[in-house]
Amino acid sequence: MNPLLVNLRCSACSAIYPADQLINLCTCGKPLMAMYDLAGVRETLSPDILKERSHSMWRYRELLPARGLHQIISLGEGCTPLLDAKSVANNLGLAKVWVKDEGCNPTGSFKARGLSVAVTMAKLLGAKKLGIPSAGNAGGALAAYAARAGLEANVFMPQDVPIANRIECEAMGANINLVNGLITDCGQIVGERAKSEGWFDVSTLKEPYRIEGKKTMGFELAEQLKWHLPDVIIYPTGGGTGLVGMWKAFYEMQQLGWIGPKLPRMVSVQSTGCCPIVKAFHSNQSSCEPWVEAITIAAGLRVPRAIGDFLMLKILRKSGGAAVSVKDEEMMREIREIGRSEGLLLCPEGGASFAALKQLKNSGFLTQEDEVVVFNTGSGTKYGHLLKDTL
Ligand SMILES: *Cc1c(COP(=O)(O)O)cnc(C)c1O
Ligand SMILES: [Zn+2]
């Protein structure tokens with residue numbers, strides 16, 4: 001383990017737990033967060049030292065729970081490109097639009113970041129069998145990292161999960177269980193079976209380390225932009241792990257003196273067919289009601305209830321951000337538009353981010369001077385089943 005990892009702190013009640021054990025939620029039922037000795041990190045790591053390091057998200061290992069290179073279960077995740085989307089910026093009249101292309105990760109999505117860290121820690125702390133509920137990409141990523149670590153992966157997915165996700169899980173040796181329901185139903189089954197079967201439950205935010213992997217997106221953005229964060233970040237939100245994780249990274253970098261006080265306005269994007277965060281944001285609630293009848297082609301956004309909802313809502317408000325819902329047709333239209341103008345094959349969730357960008361320019365939330373980072377969270381190559389009908 002990383003000796004600079006001090007303990008785990010509850011994100012709701014601030015209770016403290018030791019980090020050297022397999023653990024899920026706080027006794028109060030809320031997510032635990034990894035706390036580091038940031039003064040100690042400051043003495044050992046600096047932006048200059050980072051320049052010498054390899055291109056993997058583990059370059060930030062002083063701020064990750066495992067540090068020994070022989071302990072890390074890696075497939076080369078992170079350090080994804082930050083691409084200048086010039087024609088999009090020109091068309092919309094924005095100073096700068098960057099695309100953080102997470103489709104370049106192993107297993108084709110940013111789920112690789114979280115599961116690289118979670119599987120590394122689960123193995124280090126003695127787990128042999130892992131269980132996960134997944135709307136699609138998390139299952140594929142767990143299958144890959146568990147295979148590499150020599151651990152058993154038990155994946156529970158909705159029966160109508162994208163076929164590519166079933167295929168990748170099967171090919172990488174995971175046990176697949178298809179469920180007549182949504183990711184929340186899968187999560188409940190995993191919770192029950194974990195107890196009886198001795199699995200460690202790696203549901204997002206129900207164990208403390210997937211968020212640590214996803215927070216590296218925040219470090220990368222800062223480093224790629226020479227330690228100046230953008231004005232706005234647009235992020236397609238399911239469980240919200242990336243949004244909460246990046247915010248944690250910003251806090252840590254401020255404590256380290258790597259970035260200044262100004263933070264980006266954070267924008268959560270969801271589908272009109274499942275947008276509990278958008279609804280709660282606009283009705284001034286501090287947590288969400290479960291969404292009934294969640295229907296969207298964007299599997300990663302088909303999350304009717306997220307355990308970290310209260311954290312997302314706090315961040316959106318504190319940052320002066322926004323919450324936006326877009327129609328599935330708009331996502332599909334953006335996939336074609338961005339494909340033709342930028343040469344990028346987006347996933348539907350990435351299409352949602354670009355549709356939100358347009359909406360926010362039209363509404364006046366974005367102004368001409370704004371520099372915006374838009375997240376494409378996965379590779380479009382897994383979504384042939386959605387695109388083939390227009391051939
Ligand atoms: C899981 C997923 C999301 C949602 O990510 P969160 O950080 O859990 O909100 C978005 N896009 C894709 C492609 C995903 O797989
Ligand atoms: Zn608690």
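The following paragraphs lead from the protein as a whole to one of its helices and then to two single residues. The structure is a predicted model.

The protein contains 14 helices and 13 strands. Its radius of gyration is 19 Å, close to the 21 Å that the globule rule gives for 391 residues, so the protein is as compact as a globular protein of that length. Taken along the principal axes, the box filled by its C-alpha atoms is roughly 50 × 50 × 40 Å. Of the 391 residues, 60% are buried. Contacts across the sequence can be described in a similar way: among those between residues at least 6 apart, 71% join residues at least 24 apart.

The surface and the charges complete this general view. About 15200 Å² of the protein is exposed, and carbon and sulfur atoms supply 51% of that area. The protein carries 42 positive and 38 negative charges, and the mean positions of these two sets are 2 Å apart.

Attention may now turn to helix α13, which comprises residues 348-362. From its first C-alpha to its last, this helix of 15 residues reaches 21 Å, close to the 21 Å expected at 1.5 Å a residue. Helix α13 is mostly covered, with 11 of its 15 residues buried. Among the buried residues are Pro 348, Glu 349, Phe 354, Leu 357 and Leu 360. An α-helix has 3.6 residues a turn, so residues three or four places apart point the same way. After α13 comes Gly 364, whose phi is positive, near 90 degrees.

Another helix, α8, spans residues 210-224 and includes Thr 216. Is this residue buried or exposed? Thr 216 has a relative accessibility of 0%; because buried means under 20%, Thr 216 counts as buried. Leaving out residues up to four places away in sequence, Thr 216 touches Met 57, Tyr 60, Leu 64 and Arg 113.

Ala 12 offers a second example, this one from a loop. That loop runs between strand β1 (5-10) and strand β2 (16-17). The relative accessible area of Ala 12 is 44%, so this residue falls in the partly exposed class, which lies between the 20% limit for buried residues and the 50% limit for exposed ones. Which residues does Ala 12 contact, apart from its neighbours within four places in sequence? They are Cys 28, Lys 30 and Phe 310. Gly 187 stands 175 residues from Ala 12 along the chain, and the C-alpha atoms of the two are separated by 21 Å.

Terms used
Residues are numbered from 1 along each chain as its sequence is written. Chains are lettered from A and ligands numbered from 1 in the order in which they are written. This is a predicted model: local features need pLDDT of at least 70, side-chain atom pairs count only at pLDDT 80 or more; totals for chains, interfaces and linings use all residues. Side-chain values use heavy atoms; hydrogens and water are left out. Helices (H or I, at least four residues) and strands (E, at least two) are DSSP runs, numbered from the N terminus. The expected span of a helix is 1.5 Å times one less than its number of residues. Buried means under 20% relative accessible area, exposed over 50%, partly exposed in between (1.4 Å probe, protein chains only). The radius of gyration is taken over C-alpha atoms; the globule rule is 2.2 Å times the number of residues to the power 0.38. Contact means heavy atoms within 4.5 Å. Accessible areas come from the Shrake-Rupley method with a 1.4 Å probe; for residues, only the protein chains shown count as cover. Lys and Arg count as positive and Asp and Glu as negative; His and the chain ends are not counted. The place of a charge is taken as NZ of Lys, CZ of Arg, CG of Asp or CD of Glu.
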